[in-house]
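Visitor: I would like to go through this model and ask what stands behind each label. Please show it first.

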Amino acid sequence: MRSRGFRLSLLAHDGDAPAALTALRPEVVKIDRVQLARAEAERDAYLRLAERIRALKAGGAEVLLCGVDAAQGVRLTAALGADGWQGAWSERGALAQAC
């Protein structure tokens, strides 16, 4: 598939091991909205997600957080080190692509 110009994108759910995801060498990994909500609510979840993002990026993946629907989620995306976000919030009020 890659030889034909396709890129691999995966949606990472809570509990998926970064090593298993990076073994597939995806170009993009989307982190599901459940993990973002937990990271917003719990310090331990925040630290686990930050470590997961570091591991995925070290494996060469671009990491996006799904479920961003407020400015706080955009700030959290930057603080966690993710490359971007998807969700219903945008600075201009336009609808962004949802996961």
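Guide: A definition comes first: helices and strands here are DSSP runs, at least four residues for a helix and at least two for a strand, numbered from the N terminus. The model is predicted. Its chain has four helices and four strands, in the order β-α-β-α-α-β-α-β.

Visitor: What makes the place of D32 a loop?

Guide: D32 lies between strand 2 and helix 2, the latter covering 33–41.

Visitor: Why is D32 said to have no salt bridge?

Guide: The nearest side chain of opposite charge belongs to R52, 6.4 Å away. A salt bridge has to be within 4 Å, so D32 and R52 do not form one. D32 is nonetheless buried, which means under 20% relative accessible area.

Visitor: What makes the approach of D32 to Q35 a polar contact?

Guide: A polar atom of the D32 side chain is 3.2 Å from the backbone nitrogen of Q35. The cut-off is 3.5 Å, so the distance falls within it.

Visitor: How do you know that strand 1 and strand 2 pair?

Guide: Pairing takes at least two bridges, and these strands have four, so they qualify; the sense is parallel. Within this pair, A12 is opposite I31 of strand 2.

Visitor: Which side chains of strand 1 are buried?

Guide: L10 and A12, which point to one face, are buried; S9 and L11 point to the other face and are not. In a regular strand, side chains alternate between the two faces of the sheet.

Visitor: How much of the chain is buried?

Guide: Buried residues are 35% of its 99 residues.

Conventions. Residues numbered from 1 in each chain as written. Predicted model: local features only at pLDDT ≥ 70, side-chain atom pairs only at ≥ 80, totals over all residues. Heavy atoms only, no water. Buried < 20%, exposed > 50% of the residue type's maximum accessible area, 1.4 Å probe, protein only. Lys, Arg positive; Asp, Glu negative; His and termini not counted. Polar contact = N/O pair within 3.5 Å; in protein donor to acceptor, adjacent residues only side chain to side chain.
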